[in-house]
Amino acid sequence: MNTHLLKGSCHCGAVKFEVNTPVAPAARCNCSLCRRKGALMTPPFTADQLTIKQGEDALTLYQFNTRVAKHFFCKHCGIYPFHQTRKDPKLWRVNIGCLEGVDPYTLDAGLSDGASLSVVEDA
Ligand SMILES: [Zn+2]
């Protein structure tokens with residue numbers, strides 16, 4: 001799939017961003033956090049592909065386990081728009097459900113084996 005400039009936002013609209021990434025191959029991650037969120041993610045892309053247009057101050061950072069990955073969520077509506085990956089901290093993924101004009105339920109979902117990257121069990 002071609003790379004497109006896509007607009008995205010959290011649920012309440014406090015956080016708005018643009019990202020230049022294909023949405024396929026989309027993946028779900030099986031780590032303990034993503035398992036609970038169930039979000040379908042874009043393929044990884046480099047940080048310069050992502051522009052936060054609004055609401056950087058509304059983002060809260062959540063880290064766990066190896067504390068390498070950075071999981072950002074909106075402190076108002078709780079929606080998680082993107083994260084910085086643990087496999088390579090230069091890479092990011094966006095929650096496809098936050099993107100305008102993209103239906104995550106029409107995409108095939110691959111599996112990203114985040115669980116195997118954890119250093120303790122159930123992380
Ligand atoms: Zn929000």
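Where is Arg67 found in this predicted model? Arg67 is found in the loop between S6 and S7, and the close-up views below begin there.

**View 1. Two residues with positive phi in the loop between S6 and S7.** Arg67 has a phi near 60°, which is a positive value in a residue other than glycine, and with a relative accessible area of 52% Arg67 is exposed. Asn65 lies in the loop between strand S6 (59-62) and S7 as well; phi of Asn65 is near 55°, again positive in a residue that is not glycine, while its relative accessibility of 22% makes Asn65 partly exposed. Most residues other than glycine have a negative phi.

**View 2. The zinc ion and its four cysteine donors.** The zinc ion is coordinated by the SG atoms of Cys10, Cys12, Cys74 and Cys77, at 2.3 to 2.4 Å, and the site is tetrahedral, with angles of 106 to 114° among the four donor atoms. Along the sequence, the spacing of these donor residues follows the pattern C-x1-C-x61-C-x2-C. Because Cys12 lies in the loop between strand S1 (4-9) and strand S2 (16-21), and Cys77 in the loop between strand S7 (70-74) and strand S8 (82-84), this pair ties together parts that are 65 residues apart in sequence. Cys12 is partly exposed, with a relative accessible area of 42%, and Cys77, at 25% relative accessibility, also counts as partly exposed.

**View 3. The cis peptide bond between Ala24 and Pro25.** Ala24 and Pro25 are joined by a cis peptide bond, with omega about 0°, and Pro25 has its place in the loop between S2 and strand S3 (26-29). Most peptide bonds are trans.

Technical notes. Residues are numbered from 1 along each chain as its sequence is written. This is a predicted model: local features need pLDDT of at least 70, side-chain atom pairs count only at pLDDT 80 or more; totals for chains, interfaces and linings use all residues. Side-chain values use heavy atoms; hydrogens and water are left out. Donors are N, O and S atoms within 2.8 Å of the metal (3.2 Å for Na, K and Ca); water is not among the atoms, so sites may look incomplete. Four donors count as tetrahedral if all angles lie between 85 and 135 degrees; four count as square planar and six as octahedral if opposite donors are over 155 degrees apart and all others between 65 and 115; anything else is irregular. Helices (H or I, at least four residues) and strands (E, at least two) are DSSP runs, numbered from the N terminus. Buried means under 20% relative accessible area, exposed over 50%, partly exposed in between (1.4 Å probe, protein chains only).
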